[in-house]
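Work through the exercises below with the structure open beside you. Try each task before you read its solution.

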Amino acid sequence: MPQLEKHSDNFDVEVVENFDPASYYEHAAGRLVIDPQQAKVEFGEAVASTLKLSPDGSTILWPQPADDPNDPQNWSDRRKALHLLIITLAAIVPDFDSGIGIASIFGLAQTYHTTTGVINNLTSKYAALHSYINEGKLNIRWGGIFWIMLTRRYGRLPVLFWTQVFALAFLVGNTFSPNLATFTAMRCLTAFFGCAPDPRHGLYIVTDIFPFHLQARKLNIWTFGYIMHVIDVSPFLSPFAFGFLVARTSWRWAYGIGSLYGAVVVVLIGLFMEETLYDRHLDPNLQKILPGMRYRLETLIGITGYKMAKYRSRWSEIVWACLNVVWRPQFILVAFFEAIAFGFAIGINVTNVVFMGSPPPVGFGFSPFAVAGAYATPILAVILGELGGRFMNDRIMNFTVRKNKGIFVAESRLWACYAAMPLFICGFLTLGAGIQHLNKAALILGWGIAEVAVMVNTVAVYAYCSDCFPRHQGEVSALLNLSRTLGGFSVAYFQVPWATKSGGIQTYGVEAAIVIGLFLLAVPTMQLRGRYFRVCDNIMI
């Protein structure tokens, strides 16, 4: 009998030693054991007893924090909150800078002795696909895929720091550009370098420092800043803030203030941000943080990342990572749905500006100050969406985990889309009626409801795709962002003439119907077959 007990003890030790929490988290890809009691059933008593839990003991932490104080998962709440604040402020930068052009478009035309049409459609020398303002957005989306490759190889911090330094330099170049050609070149370069802290980089950092069960909540906070970028509230912030300014002084002041904001972000990154990339498959001694200013400076400018690159993903893996994700059924269906839903929301931005500024009977005839003030609507909508989305995501996760006996399934994230779609229909139809009948209350109410719906839907899609591809959050975010741009950049070109000719109700009604159709195609399919697709992959991608 003692021999049997000894054999059993040895077996338990062997099981514990063979269990790799990091590999489990990466391979599980959408199915995680959250409840400690269920872990005993799934892994056995020996393994379950070694798993680290949340402070209240109710939730298993994924990824499992290493026994290393340098692991960002082990950082203090204050340290994590500071990083979340900085990356949220940085996420505003790309389209905040882009949106300055909306408020400055008439001043630019006057300074450079041309028309607003030329400014808005300057494509011949620098892009064949996009208008001036949208050209910057396209650079942002394509540039993000490039920066993600460097981020995986050399680390989050140096890529974030240097891209923001160069973006700031080129934005200063915008401020003092002597002619339109120089201004446009500076604008393109600002967009390309300024894109690193947007959804691609931010999602990496959020998942680096926060455990799985808190990621949706923290994504809501980060999305408050990043949605200001992806849902164009940062382009809303720019016209809201600078619309009053440009009405009274030169557009150069708007770009100058934008440069000051960029400088503040660069200073915060340089002083307080730390490297959050932590490879759980590497020896902790290789990732040891050394004391002293020299190590801090080397990490910031990329010397440390260059030395660590040989231990990280190979270039062949990094270059093909996006292609390895994009064809997966559990990604491409929801990405296409999100691209169209978000694309029509992008169209709202240009359409609303045109109709608010045009005189009756075509538009509302708002003054420049009234147009700038109207941009408070989507800002308030994002705040409401953040508060409501945080509560809803927590409730959905807790309910579905209990229903599944302590196991989280990624497809449960998509239940939030069911709450977003009725709001989407209501917002678009109300907005269309407001534009068609020149009803100011309907315009403002519909605009706000539509932005809340798109925010809730976007957070759900990002969280779902991130859960399905735990090693590729950056690629997932870059591809989703690119798909939204490709799906939406052209909407502004046909939405205004369509609404002018056929009325806002028909325009927005048809768009809402298309989105609902894609929703019925993508979301229920993923909830029914998503697990099958994930299991069929069953490889580390």
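A disulfide is a pair of cysteine sulfur atoms within 2.5 Å. Keep in mind that this is a predicted model.

**Exercise 1. Cysteines**

Task: State how many disulfides the structure holds, and decide whether C322 and C426 are buried, partly exposed or exposed.

Solution.
- Step 1. Apply the cut-off of 2.5 Å to the cysteine sulfur atoms. The structure holds zero disulfides.
- Step 2. Recall the limits: buried means under 20% relative accessible area, and exposed means over 50%.
- Step 3. C322 has 10% relative accessibility, so C322 counts as buried.
- Step 4. C426 has a relative accessible area of 38%, so C426 is partly exposed.

**Exercise 2. A salt-bridge network**

Task: Find the salt-bridge partners of R152 in helix 16 and helix 22, and name the residues of the network.

Solution.
- Step 1. Start with the principle. Side chains of opposite charge can pair when their charged atoms come close.
- Step 2. Set the cut-off: a side-chain nitrogen of Lys or Arg lies within 4 Å of a carboxyl oxygen of Asp or Glu. The structure holds 11 salt bridges.
- Step 3. Take E317. The closest N and O atoms of E317 and R152 are 3.2 Å apart, and the two form a salt bridge.
- Step 4. Place this pair. E317 is in helix 16 (residues 315-326) and R152 is in helix 7 (residues 132-154), so the bridge ties together parts that are 165 residues apart in sequence.
- Step 5. Check exposure. E317 has a relative accessible area of 25%, so E317 is partly exposed. R152 has 7% relative accessibility, so R152 counts as buried.
- Step 6. Take E475. R152 forms a salt bridge with E475 too, with the closest N and O atoms 3.1 Å apart.
- Step 7. Place this pair as well. R152 lies in helix 7 and E475 in helix 22 (residues 473-488), so the bridge ties together parts that are 323 residues apart in sequence. Both R152 and E475 are buried.
- Step 8. Name the network. Salt bridges link R152, E317, R471 and E475.

**Exercise 3. A pair within one helix**

Task: Explain why E298 and R294 are separated by about one helical turn, and sort each as buried or exposed.

Solution.
- Step 1. Find the contact. The side chains of E298 and R294 meet in a salt bridge, 3.1 Å from N to O.
- Step 2. Look at the positions. E298 and R294 are four residues apart in helix 14 (residues 293-301), so about one helical turn separates them.
- Step 3. Sort the two. E298 is buried, with a relative accessible area of 15%. R294 counts as exposed at 67% relative accessibility.

**Exercise 4. The second largest pocket**

Task: Describe the volume and the lining of the second largest pocket.

Solution.
- Step 1. Give the volume. The second largest pocket has about 580 Å³.
- Step 2. Find the centre. The pocket has 25 lining residues, and the closest to its centre are E26, R156, L277, Y278 and R471.
- Step 3. Name the elements. Helix 2 (21-28) and helix 10 (199-209) are the ones that give two or more residues to the lining.
- Step 4. Sort the lining. Nine residues are nonpolar, six are polar and 10 are charged.
- Step 5. Link back. R471 is one of the residues closest to the pocket centre, and R471 belongs to the salt-bridge network of Exercise 2.

**Exercise 5. A helix and its end**

Task: Check the span of helix 19, then describe K405.

Solution.
- Step 1. Multiply 1.5 Å by one less than the number of residues. For the 28 residues of helix 19 (residues 376-403), the expected span is 40 Å.
- Step 2. Compare. The end C-alpha atoms are 40 Å apart, which agrees.
- Step 3. Move on to K405. K405 lies in the loop between helix 19 and strand 2 (407-409).
- Step 4. Read the angle. K405 is not a glycine, yet its phi is positive, about 60 degrees.
- Step 5. Check exposure. K405 has 65% relative accessibility, so K405 counts as exposed.

**Exercise 6. Unusual backbone angles**

Task: Locate the cis peptide bonds before P63 and P361, and describe phi of L438.

Solution.
- Step 1. Know the background. Most residues other than glycine have a negative phi, and most peptide bonds are trans.
- Step 2. Take P63. A cis peptide bond joins W62 and P63, with omega about -5 degrees. P63 is in the loop between helix 4 (45-48) and helix 5 (77-111).
- Step 3. Take P361. The peptide bond from P360 to P361 is cis, with omega near 5 degrees. P361 is in the loop between helix 17 (329-357) and helix 18 (368-374).
- Step 4. Take L438. Its phi is positive, near 50 degrees. L438 is in the loop between helix 20 (415-437) and helix 21 (440-468).

Key. Residues numbered from 1 in each chain as written. Predicted model: local features only at pLDDT ≥ 70, side-chain atom pairs only at ≥ 80, totals over all residues. Heavy atoms only, no water. 1 Å grid on protein atoms, 1.4 Å probe; cavity = no way out; pocket = protein on both sides within 12 Å on 5 of 7 lines; lining within 4 Å. Points joined across faces, edges and corners; volume = space filled by probe spheres on them. Nonpolar A, V, L, I, M, F, W, Y, C, P; charged D, E, K, R; others polar. Buried < 20%, exposed > 50% of the residue type's maximum accessible area, 1.4 Å probe, protein only.
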